[in-house]
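Work through the exercises below with the sequence and the model side by side. Try each task before reading its solution.

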Amino acid sequence: MKHYYRRRRWKWLLFFVATLIFTGLMLYSNWLVSKMSADEKKKIEIWAEAIQQKAVLVNYTNNYFDKVMAEETRRAQLLAKAYNKLLAAPPEEDLTFYLEIISNNKTIPCIITDEKGKINGAVNVDFNTDTVPFLTGKLKEDFSVYKPIAVNYYKNKWMFLYYKESNLYIELQKMLTDLIHSFFNEVVDNTASVPVIVTDSSKTNIISYGKLDTNRLFDPQYIQQTISRMESENKPIEINISGYGKSYVFFEESSLLKQLRYFPFVQFGLIGLFIIIAYILFSAARKSEQNQVWVGMSKETAHQLGTPISSLIGWMELLKLQEVDDQIVNELGKDINRLETIAQRFSKIGSIPELQEENITQVIIDFIGYLKTRSPKNIEYKLEFDPAKEIHVMLNKYLFEWVLENLCKNAIDAIEGNGKITISLGEEKRHIFIDIADTGKGIDKKHFKTIFKPGYTSKKRGWGLGLSLAKRIITEYHKSDLFVKSSSSEGTTFRIKLKK
């Protein structure tokens, strides 16, 4: 028993050390994950702040361009009024001021045509009036963004002044468009790998997106669930972009950050799986090694018993010839037969035993009859079943008797004085129950399963193999069960559950 407890203490010590190592690794991993998670979170916060700042810059640029456009329009209107005044003024009027306005126009493209669209003059344009005599087609379309100014210069004669935004304004407008496009690209193709959705003010129509499953973007339910999840995790960034009005930038944690959150659990699972597989392999290897030791020891024991048994048989025949008391010879014969049975038991260990149909009632009666004469006189045996009733089961008689012998000897050791061993037999539809009850000191409930493990014993000189061997014979060879049915200070009951 000391050996068993010593081994169990070593197991618990190794388990405790492994737990400390595992806990240390888990804590260190969690610390690393937390640190990386904090860095990722910081990146997202910096990205969100950068988006807000960039949106402010875009809006400022847009407002500036609006002012430039208003100024361009005002200048075009002023220029149109100057042309109108110049063409319609009487000869005596001083037109110097209007001429300065017209001559100072270095940016606004203007074209003057007659009623038929023939070009009479043009400034700040990128074509030659000699090669383009009429305002038609694409050129007229470009200069018709604003309504032309009609000038009645003589009776029913009219001239028309066409104008459009300056080249500088067009370039600025193109720059603004590129800036807005670049802004959206930076939002969706962000270095923080943050899933992003940009919507309009309704929070339903998508303007742009990034780092999402493109195969599900046409699923309205998926989009709505994604937007709701993003809004619950992070407050959306409100932006106001030219051409889009009020918009919202929804975002959530990056896939890397989500993976980092689950990493400790994955690590825990993998280590746990490794420990389980290692334990199973170790147990299988240890069990295989134990089996080899059992088989080798059993075969050697059977071999060693063969020689003295043969010699005893010869001595018994010699005693018969010398007319020794028949009772002595008969008892000696029983013991020799018993030794032969034991030798057969050991020889069958390690090989698949042959099961035969046996009358379990008679097997128990015969064995108890033999054991009773060789047990202490203070032990009483009681059979609580009908000896005449035949109950047939498939078993190996020699190995099964070995189980009964181990259980009865354990019961005798537990009684430690006067006591009784009761063997009862029960029958159900598919099983046979054999209960071996004693009036001994009992077994602590926490040891109900431990007593069947090799090496466990409460005896000072025991090996702790009897119950382990009995359990193995019943479970592995007979595919049945052996367990402690009940135990108290008044005794213990073992139950053998055999299949019919």
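Two strands count as paired if DSSP finds at least two bridges between them. Keep in mind that this is a predicted model.

**Exercise 1. Get an overview.**
Task: How many helices and strands does the protein chain have, and what share of its residues counts as buried?

Solution.
- Step 1. Count the elements. The chain has ten helices and 15 strands.
- Step 2. Check burial. Of the 500 residues, 36% are buried.
- Step 3. Look at the surface. The accessible area is about 30,900 Å². Carbon and sulfur atoms hold 57% of that area.
- Step 4. Look at contacts with a separation of 6 or more. Residues 24 or more positions apart account for 63% of them.

**Exercise 2. Lay out the open sheet of five strands.**
Task: In what order do the strands of the open sheet lie, and which are the edge strands?

Solution.
- Step 1. Read across the sheet. The order is β10-β12-β13-β15-β14, and the pairing is mixed.
- Step 2. Find the edges. β10 (379-384) and β14 (481-488) each pair on one side only.
- Step 3. Add the twist. From one strand to the next, the average is 15°.
- Step 4. Recall what holds such strands together. Strands of a sheet pair through backbone hydrogen bonds, parallel or antiparallel.
- Step 5. Start from the β14 edge. β14 pairs with β15 (residues 491-499) in the antiparallel sense, over seven bridges. V484 has F494 in β15 as its bridge partner.
- Step 6. Move inward. β15 and β13 are antiparallel too, with seven bridges. Here the bridge partner of H431 is K499 in β15.
- Step 7. Go on to β12. Seven bridges join β12 to β13, again antiparallel. I423 bridges to I436 in β13. Three residues make the hairpin connection from β12 to β13.

**Exercise 3. Place the helices on the sheet.**
Task: Which strands does helix α8 lie across, and which does helix α10 lie across?

Solution.
- Step 1. Take α8 (residues 360-372). This helix lies across β10, β12 (419-427), β13 (431-438) and β15. The angle between α8 and β10 is about 170°.
- Step 2. Take α10 (residues 466-477). This helix lies across β14 and β15, at about 135° to β14.
- Step 3. Check the cover on β13. Six of its eight residues are buried, so this strand is mostly covered.

**Exercise 4. Place V393.**
Task: Is V393 buried or exposed, and what does it touch?

Solution.
- Step 1. Locate the residue. V393 is in strand β11 (residues 392-395).
- Step 2. Apply the cut-off. Buried means under 20% relative accessible area. V393 has 2%, so it counts as buried.
- Step 3. List the contacts, leaving out residues up to four places away in sequence. V393 touches Q356, E357, E358, I360, I432, L498, K499 and K500.
- Step 4. Check a distance. The C-alpha atoms of V393 and L355 are 9.2 Å apart, with the two positions 38 residues apart along the chain counted as their separation.

**Exercise 5. Sort the aromatic pairs.**
Task: How many aromatic pairs does the whole structure hold, and why is the pair of Y248 and F250 classed as it is?

Solution.
- Step 1. Count. A search finds four aromatic pairs.
- Step 2. Take Y146 and Y163. Their ring centres are 5.4 Å apart and their planes differ by 5°, a stacked pair.
- Step 3. Place both residues. Y146 is in the loop between α3 (137-142) and β3 (149-154), and Y163 is in β4 (residues 157-163), so the pair ties together parts 17 residues apart in sequence.
- Step 4. Check burial. Y146 is buried at 17% relative accessible area, and Y163 is buried at 7%.
- Step 5. Turn to Y248 and F250. The centres are 6.4 Å apart and the planes are at 45°, so this pair is tilted. Y248 is buried at 12%, and F250 is buried at 0%.

**Exercise 6. Follow K203.**
Task: Over which ring does the charged end of K203 sit, and where in the hairpin is K203?

Solution.
- Step 1. Find the ring. The charged end of K203 sits over Y248, 4.8 Å from the ring centre.
- Step 2. Find the hairpin. K203 lies in the turn between β5 and β6, which has six residues. Its phi is positive, about 65°.
- Step 3. Check the strands. β5 (residues 196-199) and β6 (residues 206-210) run antiparallel, joined by four bridges. V198 has S208 in β6 as its bridge partner.
- Step 4. Compare another lysine. The charged end of K471 sits over the ring of F452, 5.0 Å from its centre.

How values were computed:
Residues numbered from 1 in each chain as written. Predicted model: local features only at pLDDT ≥ 70, side-chain atom pairs only at ≥ 80, totals over all residues. Heavy atoms only, no water. Helix = DSSP H or I, 4+ residues; strand = E, 2+ residues; numbered from the N terminus. Axes fitted to C-alpha atoms, helices over the stretch in contact; angles between N-to-C directions. Contact = heavy atoms within 4.5 Å. Buried < 20%, exposed > 50% of the residue type's maximum accessible area, 1.4 Å probe, protein only. Areas by Shrake-Rupley, 256 points an atom, 1.4 Å probe, with all protein chains shown as cover. Phe/Tyr/Trp six-rings, centres within 6.5 Å; stacked < 30°, edge-to-face > 60°. Lys NZ or Arg CZ within 6 Å of the ring centre and 35° of its normal.
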